[in-house]
Amino acid sequence: MSNLVQRLEITAHPQLEKSLGYRGDSRWVAWRWEPDIDQLISSDGKTVGTGNNMAWLVFLQHDLVDPAVQEYNLGEGDRYWLLLDTETRNLYVGEGKTVQSLLEQPESLGLLACLDGGNADQTGETWQQTLSQLTAKPVVRHLTNALPFGIAAALIGALGIGTGLWVVPAVQQKIAEKAAFISPISSGANCGLGGSDDFSAYIGSSSGNKELHLIGVYEANADHKDRNLSKRAIEVKVERRNKPIILALSAYEPVQWNITAEPGAVIEKIIVNGYHNQTVSGVSGIPVEEHSYEETGDNLGDFIYKWGATADSSNTSSLVTKLEQKNGTSLTSFQGCYRGKNFSIN
């Protein structure tokens, strides 16, 4: 057990996450109650989505669950989050900021599972081996083995923002050489400190007659009490002139998206996706489609701000799938982070 999160003395039913409305495939997922809107929210470190309110209340009031979670007020407040390890079925409770930080650092959660005896079949020797691997795993292995080329190339291109990533020079050179020809991702992206400053990106296909670019964040400002959108602005500069662009912008919290289109860049339309209100400024004469639950009663999908470990169809977010279907083209690029400030599409 860690002081950061408390392991509960109950384990989860195999269908718990599905019952609560989570359809992703991440090993770790957390839920919290959003009292301002009376809604269950799920997060797996890559996407944020809404859950099944009634199932949440039934779960919390169960005779076996209620005594274990009563002190955390999970049904009314958002201070504490419920965290599930879908492999071991262990349940944890921790403060929201701590859980969110852990979700974005899977090695830390893997270590937590290891320390809690996540695999009862492991011997002492294999447990030590697993612990050693988790605490000494080279970052380069994440980039070359765990990530597809598109993500690795984009991350290398973004090293200037201080992500803390390091790659051996030979690998960096090879990726940078290829990325220089295809990457629409700018090294000038800026993610705000205090939440998560990890820049995440993906480079996809550009074979059609138009391009689809997605920028996703959770928020622009940490002050959720101030609903002044001018203080929640994110700057987006579009410089790409290859083909007409469909620009998709997604955030969970309210955001004012300030768009700058450089001469020669053609934005066919702008699509905004959010739970709370999203506004667009800086451009005129471009169709804007808003899909925000707060304003229009619907949203296109989840609120992705971190690309997954793989870019195949089994791990594609619901937002990406709907955008591709809606526009008849594959995703050209994604870039995002938890707290966004400014982005560029080159």
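The legends below describe close-up views of one predicted model.

Residues are numbered from 1 along each chain as its sequence is written. Because the model is predicted, local features need pLDDT of at least 70 and side-chain atom pairs count only at pLDDT 80 or more, while totals for chains, interfaces and linings use all residues, and side-chain values use heavy atoms, with hydrogens and water left out.

**View 1. The two sides of helix 2 (residues 53–60).**
Helices (H or I, at least four residues) and strands (E, at least two) are DSSP runs, numbered from the N terminus. In helix 2, the buried residues are Trp56, Phe59 and Leu60, where buried means under 20% relative accessible area, exposed over 50% and partly exposed in between, with a 1.4 Å probe and protein chains only. These three lie on the same side of helix 2 because they cover an arc of only 90 degrees around the axis, the arc being that of the directions from the helix axis to the C-beta atoms. Met54 and Val58, on the other side of helix 2, are exposed. The buried residues pack against helix 1 (16–19), strand 2 (28–34), strand 3 (39–43), helix 3 (66–69), strand 5 (80–85) and strand 6 (90–95). At the start of helix 2, the backbone nitrogen of Met54 has a side-chain oxygen of Asn52 within 3.1 Å.

**View 2. An open sheet of six strands.**
The strands of this sheet follow the order 1-6-5-2-3-4 and pair in the antiparallel sense, two strands being paired if DSSP finds at least two bridges between them. Strand 1 (5–11) and strand 4 (48–50) each have a single partner strand and stand at the edges, so one side of each is left without a neighbour in the sheet. On average, neighbouring strands are turned by 30 degrees against each other, direction ignored; axes are lines fitted to C-alpha atoms, for helices over the stretch in contact, and angles run from 0 to 180 degrees between N-to-C directions. Three bridges join strand 3 and strand 4 in antiparallel pairing, and Gly49 in strand 4 has Ser42 opposite.

**View 3. The largest nonpolar core and Trp257.**
A nonpolar core is a set of buried Ala, Val, Leu, Ile, Met, Phe, Trp, Tyr and Cys residues joined through side-chain atoms within 4.5 Å. The largest one holds 26 residues, of which Val236, Leu247, Leu249 and Trp257 touch the most other members. Strand 11 (245–251) is among the elements that give two or more residues to this core, and its four residues are the largest share. Apart from this core lies another, of 22 residues, among them Ile10, Ala12, Leu16 and Trp33. Leaving aside neighbours within four places in sequence, Trp257 is in contact (heavy atoms within 4.5 Å) with residues including Ile215, Val236, Leu249 and Val280.

**View 4. Asn273 and its surroundings.**
Asn273 belongs to strand 13 (residues 267–274) and counts as buried because its relative accessibility is 2%. Its side chain and that of Ser250 are joined by a polar contact of 3.1 Å, a polar contact being a pair of N or O atoms within 3.5 Å; within protein, one must be able to donate a hydrogen and the other to accept it, and residues adjacent in sequence count only if both atoms are side-chain atoms. Not counting residues up to four places away in sequence, Asn273 touches residues including His291, Asn299 and Asp302.

**View 5. Asn258 in strand 12 (residues 255–261).**
With 14% relative accessibility, Asn258 counts as buried. The side chains of Asn258 and Glu235 form a polar contact of 2.9 Å.
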